[in-house]
Structure formats: C-alpha cells, structure tokens
Amino acid sequence: MRMPLLRSAITSVIALCTAVSLVGVSASAVSLNSVSVSSISPNSVNNSAVAATSSLPGFDESRLDFAIEHALEQFYTPGMSVAVVHGEHTIYAKGFGLANIARRQAVSPETYFRLASTSKAFTAAAVSILVDEGKLAWDDLVIDHIPHFRMQDDYATLHFTVEDLLTHKSGLLSGAGDSMIWPEPSGFTRQEVIKNLRYLTPEYEFSRRYAYSNVMYITAGELVAKLSGQSFEDFVDERIFKALDMPCFTGAMPPDAVAISAMSYGHSDAKGIYPIPRNAITGEAQMSAAAGGMVCNANGMAKWISALLRPNSSILSSEQLDKMWQPHTILGVSDIEHEWNHTHFKSYGLGWRLSNEGRFKVVSHTGTLSGYQAFVVLIPELNAGAVVLNNGSNYGARGSVMQSIVKMLMNEPEHDWVHAYVEYQKEQEQRYLARAQTPTPTAGMSINMQQLLGTYRDAWFEDFTIFEESGEVRIASSRMTTLTGTIENFQDTSFKIVWDNQNAASDAFLHAELDLNRNITGFKLHPFGAHVQLNHEWRDMHFKKVAEQ
C-alpha cells in the first residue's frame, strides 16, 4: 500500500536519518507510468566492472531496480537517476520514471538535476584548491580577504576564519539569511548577502554550536572569486568539473543540456503532483551556486565520487581531502540513526557530514530544494559510493533508495527500506498532528486594511508594498519577485498573509504597529501558528512605513 496523506506543514520537521528536512511529504493517488532507462546494459558491462561488482558480494542490481521503482511509487516522485561507484568503475547507472511529465520525457543517467546542498562539497573543494596553491590558509581571517565582512557580533567579525565559513558554527540561527536566497530567483546579489550579515542577530556563541548556514557558503564562494581572479562559476567549472571531465555546471548551461534537464515537482493533497517552474533548470547561473545552485547528472557525479575515492586522481591533495573529511563540528545522533545504522558518532566536516554506520566511516551530504532531492554517499573503506538524484519533494524516495544501496555495499541482510520509511513517516505524521494547532481569532479587528496601504521598508530586506487589486489587499516584496500574497483580517492589529506560492513560503502573521493617533507606523512578520516562535526567518526584519512623497 502507498504511504498515507501527510499535511504540508510537516515540511518543517527535521528528518532524523538521511535528510536535512522534510519537504512536500503529502501524497495522493497519482499514477505515473514507470520508465527505466539504463546506460549500462548487460551487454555493455566490461570485465573490469564485473570484477569490481564481484568484490561487493552484497550488491544486487535487480534488488536495487525494484527498490527504486517501489520508492518512486510510494513517495510520488516522478523520476530518479542513480549511480553506484566502486573505485574507478561505475558499476550501476540508471534512470527511472519521468524527467518531465507533460512531455513524457524519460530519466536517464544523463538527465540533469539541481544538486541543492550537495553543491557545498564543491565549494569546500574550491577553497581547498586555493589552500593547496598557497593563496590562503584555513586559519586566515575572513576580514583580511573581504574587508566589508561584518557580523553583528564584533568578536565573531574579528575571529572568523576561512575554515569557519564551512563548518556551520557562525553563531547564527540555522537558516539565518535564507530569505535573501530563496525563493528563487533572488533579488539580492552575493555581495549584498555578505553586506547584510551584520543585520542577522546571533543566537549562539560564535564557534560553539552547529547551526546550518547557507549565507556562509555564499561568502566562501565570493572568497574563491576574489582570490582566484575568476568568477566563482568559472573557477568551479574549470578547476573541478572540466578537470574531472564532469558534464556539470555552476554557471550558464548550453541549450542541449537544458533540453535534457528534469522539471521540478511538488505535491499537495488538492493538486497531486504539480510542476514548480520557479525552480526549473533554465540554464541561467544561480546566485545560490556556492550554497546549493549547481547542476549535474548521475554520470557526472559518479566521476566526482570516483575521483574522491582515488585521491591521486583528484584535483585535491590528500592533505586537503583529509581536512574536508575530518570532524569540525559535533552533530547529534538520533534514535532512528542509532536503530537503523548503529550510528554512535556524527559530525560535520567541510561540505560533508561524517558518521559511523557500524564499523564503517560514511561520508555524505543531502540536498533539498523544492522539486529536487539529492543524496551523495561515500564509504572510503569499501572504496565505494553512490549518488541519488530525483525531481520530487519527498525525502523518503532518496532516503530509502540510498539506504538500500549502502546496506548492500556493506553486505548487510536484505531489508525493505521503502517500507521502513513509510512507517517512519506515519509516526512523524501522528506526532505532528498531535501537537498541531491552527490559530483562531479571539477578538475583532481594531483597525482596517485600508490603513495598511503603503510602502514599508526594512534596513536590509528593503521594501514590502501593500496595495489594493481586484478587491483584495495585496502585499509584494521589492527584492524577491515570487514573494507576493493576499492579506486577510485576523484580530485586533494583526493580519494574516496568505502567500501566493505556498510551496515557497508559509503563511505569516503581520502585526501592525500604531502611534498614539492609531496610525500604522510599521509592522513585523511572524510565522502563522498557535504558538509564539522566537526564532524564525522574519525575526531580524522590522518594516517601517515610508512617508508618502
């Protein structure tokens, strides 16, 4: 049976095993004709690849085929491309399902997907190359290379090193500053992201605690650009992708590559599976490239994995690869990780997560963007690794497939990991529904919407304009073009914003501020929920009304 319906709000829950976050977990009965396209047919597997497979006795191609097809059906994912590597050989590379539903375009190992946060490994590698070349050191201060780099905490500004940019110990709240990056297309430049770091309030003491930070990877990308004399896109494309003969892109893509790219898809109970055009691969470079904006296919990622497993063939020195793959930040281990993988230790390196699964060291990273999911795993002791790329929004697809691959590589007993993920998601749904509450007004409005009309400005996020259109009161961001919505009454001086793109932003409270004459002077935004949240994406914004000219 298929997985049960899950509410869209569960997308904010942190996945405890193989995903960064739950994205678009809900499902309904949508049928996709499964299409399997393989670049390695039985007749084309060479003798060396057969020998490589024979040294991995647990690997079973037919079992993996079944697991992938089952995962696509259970987790309502249109298509997936998977590659498995052993040493210098790609022992499995196949595409399943559809890259584009409307065009009935099949997925193959050449199909392009967004890499999302698995891009971070390439940013860390780019910095490592510059360290190898003596153009900077890991303990260099960021401010010495980027003089306008400023954190709100002066101590952090003066002590922030190059290494700190990649370890997620900035002291900021997890995801702080993401509102400048997503939903794409972003209206901010990378230099503006760096300039606006000073407005982000620290949540923790600098360098003391893990909190995921995309803005620091964008800063690292700009550091690469400055010291190399090339754009970040050109540096990665030339020094990593071209050097390893990877058909991948940090910058602009040619039309023939765009033509074989997967469309991004989300899901809602009402719509079923639907396209997310704003995240579709158009061939244009993304501002978010260093944090999560690169594009590649399974064949290209297989070359990346193979190079990392054979340091002498990599574009990095063994010293720098060891640096990337050594613990820098302690991470927690969940109960489910301990139960499923016998994990006792987990940490973050530089662009990679590190953990033990039983007796093996596992190096991995996930990538999550609305409509795309990525997962890369390496097991150095087995000289093996794998990549999973798909164009859906349910982490269960990539997680269950990768779990199946890893357990095969480790020669562990056969287990239905698709079913395990279905059961896990059922438990998560029940926990969410047990505590979920929808806010309900307890008083009438004391101001009217007409008073809201006008332009409001924040020091760094800039303007929101509130205006009338077709009988509704609307709100639109001046910098993030997809951040538009409709304002509804809630209670007293508070309103509800229903964003047009529910896949891109969750509904929000607009709490108006009044002067003694009850004129609206500004507002703050908060998540729309029954419980007050102190830490959220809007907390460092304060919009003040702009006087009419």
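Modeller: Before we start, fix one word: contact means heavy atoms within 4.5 Å. The model is predicted, with local features needing pLDDT of at least 70, side-chain atom pairs counting only at pLDDT 80 or more, and totals for chains, interfaces and linings using all residues. Residues are numbered from 1 along each chain as its sequence is written, and side-chain values use heavy atoms, leaving out hydrogens and water.

Biologist: Let's use that word, then. Leaving aside neighbours within four places in sequence, which residues is W304 in contact with?

Modeller: Skip those sequence neighbours and W304 touches A121, F122, A125, I240, L244, M246 and W352.

Biologist: How do I get from contacts to a core, and which residues have the most contacts inside the largest nonpolar one?

Modeller: A nonpolar core is a set of buried Ala, Val, Leu, Ile, Met, Phe, Trp, Tyr and Cys residues joined through side-chain atoms within 4.5 Å. Buried means under 20% relative accessible area, exposed means over 50%, and partly exposed is in between (1.4 Å probe, protein chains only). Here the largest nonpolar core has 118 residues, and W304, W352 and L510 have the most contacts inside it. Its largest share, nine residues, comes from helix α3 (residues 120–132). Apart from that core lies another of 39 residues, including F59, I336, V377 and A397.

Biologist: Helix names like that need a rule. What counts, and how do I read a single helix?

Modeller: Both helices (H or I, at least four residues) and strands (E, at least two) are DSSP runs, numbered from the N terminus. For a length check, the expected span of a helix is 1.5 Å times one less than its number of residues. Helix α14 (residues 395–409) has 15 residues, so it should span 21 Å, and its end C-alpha atoms are indeed 21 Å apart. On burial, 15 of the 15 residues of α14 are buried.

Biologist: What sits at the start of α14, and what follows the helix?

Modeller: For the start you need polar contacts: pairs of N or O atoms within 3.5 Å. Within protein, one atom must be able to donate a hydrogen and the other to accept it, and residues adjacent in sequence count only if both atoms are side-chain atoms. A side-chain oxygen of N394 comes to within 2.8 Å of the backbone nitrogen of G396. After α14 comes N411, with a positive phi near 60 degrees.

Biologist: Now one residue inside a helix: is T219 buried or exposed?

Modeller: T219, in helix α7 (residues 214–228), counts as buried because its relative accessible area is 0%. Its side chain reaches the backbone oxygen of V215 at 2.9 Å. Beyond four places in sequence, T219 is in contact with I146, F149, L165, I194 and L197.

Biologist: On to sheets. How do I read strand pairing, and how many strands make up the closed barrel?

Modeller: Two strands pair if DSSP finds at least two bridges between them. Eight strands close the barrel, in the order β15-β16-β17-β18-β19-β20-β21-β22, with antiparallel pairing.

Biologist: Walk me through a stretch of it.

Modeller: Three bridges join strand β17 (residues 472–477) to β18, antiparallel, and R474 stands opposite T486 in β18. On the next seam, β18 (residues 484–491) pairs with β19 over six bridges, again in the antiparallel sense, with T486 opposite V498 in β19. Two residues separate β18 and β19 in their hairpin, and D492 in the turn has a positive phi of about 55 degrees. Then four bridges link β19 to the antiparallel β20 (residues 508–514), where L510 is the bridge partner of F495.

Biologist: Why is β19 said to be largely enclosed by the rest of the structure?

Modeller: Because five of the six residues in β19 (residues 494–499) are buried.

Biologist: Last, the backbone oddities. Which peptide bonds are cis?

Modeller: The bond from W182 to P183 is cis, omega near 0 degrees, and so is the one from E184 to P185, omega near 5 degrees. P183 sits in the loop between α5 (154–159) and α6 (190–195), and P185 lies in the loop between α5 and α6 too.

Biologist: And positive phi in a residue other than glycine?

Modeller: R104 has phi near 55 degrees, in the loop between β3 (89–100) and β4 (105–106), and at 42% relative accessibility R104 is partly exposed. S207, not a glycine either, has phi of about 70 degrees in the loop between α6 and α7; at 30% relative accessible area, S207 is partly exposed.
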